[in-house]
Amino acid sequence: MKIAVIGQSLFGQEVYKELRKDGHTIVGVFTIPDKDGKADPLATEAEKDGVPVFKFPRWRVKGQCIPEVLAQYKATGAELNVLPFCSQFIPMEVIDHPKHGSIIYHPSLLPRHRGASAINWTLIHGDKKGGFTVFWADDGLDTGPILLQRECDVEPNDTVNTIYKRFLFPEGVKGTVDAVRLIAEGKAPRITQPQEGATYECIQKKDNAKIDWNQSAEAIHNWIRGNDKVPGAWSEVDGQKVTFYGSTLVDNGTAANGQPLEIPGASRPGVVTKAGLVLFGNDSKALLVKNLQFEDGKMIAAAQYFRSGSSAAVELTEEEKTFAEQMRAVWQSILTNVSQIEDSTDFFKSGAASMDVVRLVEEAKLRASSCQLQNEDVYMNTTFQDFIQMCVRKLRGEDDEEELVVDYVEKDINNMTIKMPHQLFINGEFVDAEGGKTYKSINPTDGMAICDVSLAQISDVDKAVAAAKEAFEEGEWGKMNPRDRGRLIYKLADLMEQHQEELATIEAIDSGAVYTLALKTHVGMSIQTFRYFAGWCDKIQGSTIPINQARPNRNLTFTKKEPIGVCAIVIPWNYPLMMLAWKAAACLAAGNTIVLKPAQVTPLTALKFAELAARAGLPKGVINILPGSGALVGQRLSDHPDVRKLGFTGSTEIGKHIMKSCAVSNVKKVSLELGGKSPLIIFSDCDMDKAVRMGMSSVFFNKGENCIAAGRLFVEDSVHDQFVTKVIEEVKKMKIGDPLDRSTDHGPQNHKAHMDKLVEYCQTGAKEGATLVCGGKQVQRPGFFFEPTVFTDVQDHMYIAKEESFGPVMIISKFKSGEVDDVLRRANATEYGLASGVFTRDISKALYVSEKLNAGTVFVNTYNKTDVASPFGGFKQSGFGKDLGQEALNEYLKTKAVTIEY
């Protein structure tokens, strides 16, 4: 058909483009005149295509159609007028002229909400259903016959902007084009609008948008959101008009903590809190407002009401000055009517519109990828100087909506001052545990207390889970673009790298890890893990699946990978930060939220991680950290009905208990990385020096506190004595001492109870007849140091041959030359299957042994070689599920199949 498009805006532009794609000829575009030298988007698009564009200031004078205007319109030969969004009054001579008449898009379910502010009134009235109508134009106000209607649910906290972006814009464009298609096919209905339920409301303007406080909280909320962003609901506060934006209903407003704010006419004072401004209706229920705007156009976060204007200007570096000049040029290109951009130039008072805000945000991202602005940032920083200051603070990572309050414990140690949070981290804040309960975290190097740490209670678990659930279901994390999620995780990794020496020092004093190892592995691999999974965020995808067609129709089946929701993570004490990273990075990349319980004896790097996550900009509630006991915190997480996944690393005994609790509570998804007794087989044809070096590492790495440590070495008898001799020589060279000393090889065991178990373990081995070649005792010095230990002549029936020491204890057994299958039988004769290893120069033998070893990881001529890209996890009673690699993502995702018939 030959179509005249009469209207304006981005909506009109999209309708125009889709009509052309549908094969229609646009014979003319009739839109508004240029504003401040800038053409409307519809005009710009049409001019680019060479379509005639008419920009009439008006169509009528004193109620009569202007003849010249009508003549130019008729000359286009339009067969149908399409009015996607039109702010001008169009004469009936134009409406009725085409062969097919005129159709109009209206953003409400007619006959409800006739008039120019239909979306506003849909929200103001608290309608549960919204939508749009495409109708045939007549001489009434939105009264013509209905051609097409489509509806959507109105969410409780929808604003004009959210419902427009989510449904009215994208579906409205499709609906308008579908309506034209029906007309072209001769199938377009004309359904007379019913009189019942018809409403007409006035245009919402600033003057009539004042808030009436003498109504319920829900009614006030509806009024504010119905006027958000235009024209803006307002009230007098402290003698001036203040406009309210970003309203949500809240359940616990009566418990709000903050500074009272008197509002004339309100039933009670508002409360300025960290979350925003809490307001009350006459029913004592509450709503929360996020942003406020003053009469001069300045917008602030409501939480900053009593602090507005108090922040000092930051001094720009040379690089930041270059960025500022680039942005000055961008402002100049947008504000073409302004001769020169001064620091005091106001973006909106100089003529900028909402579409210019979108452009400015994108221009800033192009010039500094880490300057991730939101439209709100422009509205809240309207002058050029304020805009640049805001951008620079974001680039420096100083743009938190509110200051993160941390009650640090500070220590001067390792040639630096370390600053350690010691409270629970719930919903973006460090808080005391219920009842102020604490316990002492002990430094294993000297047995002295490092600091008091908050001890989480059941009520704290419930708060943390509730925060994680809200963040997932209602917060920006759940709505965030996966690429933006990845960008935040990259930023977190960068902050961890900036603080790596501090993190490694905290890890050394809290867990006993040798500082150089903590720097390289505990912290270094944690950083690598977050970077690896940050890259996966926008690569999580489903697949299309061919299925039997439902003839004569057809089917399309596809799968979607979706986050699970609230995930609990319970980690051990041997690698406090790295175990957190192995699970949390995949969990976050998949889009979940986390409640994490660190080991009670090693909570401090997890709490420092929480601080860095907050500073990286991860939204509140996404990460929650709860130091506490497994019996209380771990059990409640296993039982909690709102937790949908639990990832655990620890003992097999506790893993079984967790699995049972998760099943009984709500059939949680579970992944378990449990105990191990990993065999390492050393054949006579190995590279002996490498076998000794790697054999030492397989047992003594991280003081033996290593889940994949070689729990038993099988050495071929012809090289057994040579191997043992070389091992003893190397053990004697090991320096036991302060983990912060760069020359130390072997630090203290993690805590006293563990050291005592090692003493008992070695006593049992000696009693059963194994030969204690060296070690087996506590080192006589302060702290929890244990000697590197070697047992030989260990028989298969012995306790130390079957049970894990989780310490620096090498268990050596012989096997006869040539008996490969027999040593494999012995190596597999365990209920564990976490890791294993083999040393041989014979590639055929290596491949055969690696195939027969029943373990999740097999190392050949190496050991402890884990990598962030390689999946890690065990068989049998060593658990199930994977950490690291692409497979780890599946532990935190659910697969949904969707089948469509068409």
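These legends go with close-up views of a predicted model.

**Close-up 1. Ala-584 and the residues around it.**
Helix α18, made up of residues 576–589, is where Ala-584 sits. With a relative accessibility of 1%, Ala-584 falls under the 20% limit, so we call it buried. Set aside residues up to four places away in sequence, and Ala-584 still touches Phe-530, Ile-569 and Ile-594. For a sense of spacing, take Cys-567: it is 17 residues from Ala-584 in sequence, and the two C-alpha atoms are 9.3 Å apart in space.

**Close-up 2. Thr-383 in its loop.**
Here we look at the loop between α11 (375–379) and α12 (384–395), home to Thr-383. Thr-383 has a relative accessible area of 18%, and because the cut-off for buried is under 20%, this residue counts as buried. Which residues is Thr-383 in contact with, once its neighbours within four places in sequence are left aside? They are Trp-331, Asp-343, Ser-344, Thr-345 and Asp-346.

**Close-up 3. The open sheet of seven strands.**
Read across the sheet and the strands come in the order β32-β33-β34-β31-β30-β36-β37, with mixed pairing. At the edges are β32 (771–774) and β37 (857–860), each of which pairs on one side only. From one strand to the next, the twist averages 20 degrees. Zoom in on β33 (residues 789–792) and β34 (residues 809–815), and you'll find two strands that run parallel, joined by three bridges. In this pair, Val-790 stands opposite Met-810 of β34.

**Close-up 4. The largest cavity.**
The model has three cavities of 30 Å³ or more, and this view shows the largest, with a volume of about 90 Å³. Its lining is made up of 13 residues, and those closest to the centre of the cavity are Ala-709, Ala-710, Gly-711, Ser-805 and Phe-806. Sort the lining of the largest cavity by class and you get five nonpolar, six polar and two charged residues.

**Close-up 5. The second largest cavity.**
Next is the second largest cavity, at about 50 Å³. Lining this cavity are Lys-583, Ser-671, Leu-672, Glu-673, Phe-880, Gly-881, Lys-882 and Asp-883. Which strand gives the largest share of the lining of the second largest cavity? That's β29 (residues 669–673), with three residues. As for classes, four residues of the lining of the second largest cavity are charged, two are polar and two are nonpolar.

**Close-up 6. The second largest pocket.**
We finish with a pocket, the second largest, which holds about 1,400 Å³ of space. There are 41 residues in its lining, and Trp-573, Gly-650, Ser-651, Ile-654 and Lys-757 lie nearest the centre of the pocket. Elements that give two or more residues to this lining are α20 (630–639), β28 (645–649), α21 (652–666) and α24 (752–767). Helix α24 gives the most to the lining of the second largest pocket, with six residues. How does the lining of the second largest pocket divide by class? Nonpolar residues number 18, polar ones 16 and charged ones seven.

Technical notes
Residues numbered from 1 in each chain as written. Predicted model: local features only at pLDDT ≥ 70, side-chain atom pairs only at ≥ 80, totals over all residues. Heavy atoms only, no water. Helix = DSSP H or I, 4+ residues; strand = E, 2+ residues; numbered from the N terminus. Buried < 20%, exposed > 50% of the residue type's maximum accessible area, 1.4 Å probe, protein only. Contact = heavy atoms within 4.5 Å. 1 Å grid on protein atoms, 1.4 Å probe; cavity = no way out; pocket = protein on both sides within 12 Å on 5 of 7 lines; lining within 4 Å. Points joined across faces, edges and corners; volume = space filled by probe spheres on them. Nonpolar A, V, L, I, M, F, W, Y, C, P; charged D, E, K, R; others polar. Pairing = 2+ DSSP bridges. Axes fitted to C-alpha atoms, helices over the stretch in contact; angles between N-to-C directions.
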